[in-house]
Amino acid sequence: MKTPPYKFVLIASVFFLADFILENVNHKFALNDFKVYYGAAGAITTSSQLYNIAFSLGSGYYKYSPFIALLFYPLSLLPYPVACIVYFIIVSCITVFTFNLILAILQTHFSVYEVKTPALILSISFVCLITHIVREVDLGNINMILLCLLSLCIYYLGKAKMLHAGILLGLVIITKPFFVLLFIPLLIYRTYKTAFTAATTLLLASVTPVLLLGFNHTVDLNRQWFNAMLNHSDSFPSPNTIEAISRYYAGVPELKILQYLIILVLIAAYITLAILNYRRLSTPEARKSNLVFEWFLIIAIMPSILKTDTEHFLFTLPLIMFLIIFLFQKRNIIYSSFFTLSIIMYAGNISDLIGMNLSHKMYNAGLLGIANLLLSIFACLVYYKKYRNNLKSFTVGIVP
């Protein structure tokens, strides 16, 4: 890994410090999502109730695996205010690291155009995600940590470190099981060792609580976890999915099965196109670049097909950075205008600036979900029309 551009590190550090100070001055430094993880860690280690109990305000119910609760146990030993500060610093540092890591991956795999101003690219990308980053760190969520692990996973795949990649993917899936969809590109691109390692890691993480809690209690907790995930998916109101957008704008009837049909259609379309692309690409380097793009694309699409909160749209960061690099080189007014409009819908819902009334209208209209789809489609068009046919030869590994 190269050293992060110091200008970007400075800008991001000043931002996080200012956010920390403002939240404390306004007495809003609560990290309500982290409070759930903190409370769950204390509950599981004292054999208290873990699921169906509110640890925080709003949707403050724990909906992750027992294993994840155990990972937060070290922080639960600290007084909550101290644990909040430590976790805030951890997420802030991981955010800066993840931005740099993604840029390094993109520079190597899509280096048709040289990135001459990495600090500027990173800073603009940071601004494009500023709304979601603020919400992420102020709530104390784990989405940026997951994006970091997923980026490291594709990094290690490029370095041919299949075991490292598999372990990281397994940890992500035990946290958010819907990422099991990433097994599809692994199998298509024949990275079987990584897929096997991820499955093994997932199994080991599922049974690890047995060492502390016993077999029967662990089985019962995993059953409760499964039910908690189903209940969260059914009850969570998300106007940003493809299914919700189709209902809002096209008057499509509300059918529970529609979401699953959309997912199945997209999976079938992806598998078909990915297999065709794999066969057309003649070199390992080109296939590797294709895998990287498809990996980031699948991650970005997740919140558009699954009911979840808005912080999950942080997963679109790699595609946004990819497009910014492209726009810096092309300097096309039409492309830039389309990207700017998409970003306004993607990150422009700032209630303090536009007012609560307009903010609610933007949210209910699913503009964030629409923007995510537009950015994903734009990235696909850029990659398949502008990049793939002109990719240079690469050395083995993602980061030079």
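Arg190 is exposed, with a relative accessible area of 55% (exposed means over 50% relative accessible area, buried under 20%, and partly exposed in between, with a 1.4 Å probe and protein chains only). This arginine sits in the loop between α10 (183-188) and α11 (192-207), where helices (H or I, at least four residues) and strands (E, at least two) are DSSP runs numbered from the N terminus. Although Arg190 is not a glycine, its phi is positive, at about 60°. The model is a predicted one, in which local features need pLDDT of at least 70 and side-chain atom pairs count only at pLDDT 80 or more, while totals for chains, interfaces and linings use all residues. Residues are numbered from 1 along each chain as its sequence is written, and side-chain values use heavy atoms, with hydrogens and water left out.

A positive phi also turns up at Ser47, a residue other than glycine, with a value near 60°. Ser47 belongs to the loop between α2 and β1 and is exposed, at 56% relative accessible area. The loop between α2 (32-45) and β1 (54-56) also holds Ile53, which is partly exposed at 30% relative accessibility. Beyond its neighbours within four places in sequence, Ile53 makes contact with Gly60, Tyr61 and Tyr62, contact meaning heavy atoms within 4.5 Å. The C-alpha atoms of Ile53 and Ala40 are 9.5 Å apart, with the two positions 13 residues apart along the chain.

Pro303 offers a view of the interior: it is buried, with a relative accessible area of 2%, and lies in helix α16 (residues 284-305). Residues up to four places away in sequence aside, Pro303 touches Asn240, Thr241, Thr308, His312, Phe313 and Asn372. Its C-alpha atom is separated by 10 Å from that of Phe178, 125 residues away along the chain.

Turning to the whole protein, the secondary structure comprises 21 helices and two strands. The radius of gyration is 21 Å, close to the 21 Å that the globule rule gives for 400 residues, so the protein is as compact as a globular protein of that length; this radius is taken over C-alpha atoms, and the rule is 2.2 Å times the number of residues to the power 0.38. The C-alpha atoms fill a box of roughly 60 × 50 × 50 Å along the principal axes. Of the 400 residues, 52% are buried. Among contacts between residues at least 6 apart in sequence, 79% join residues at least 24 apart.
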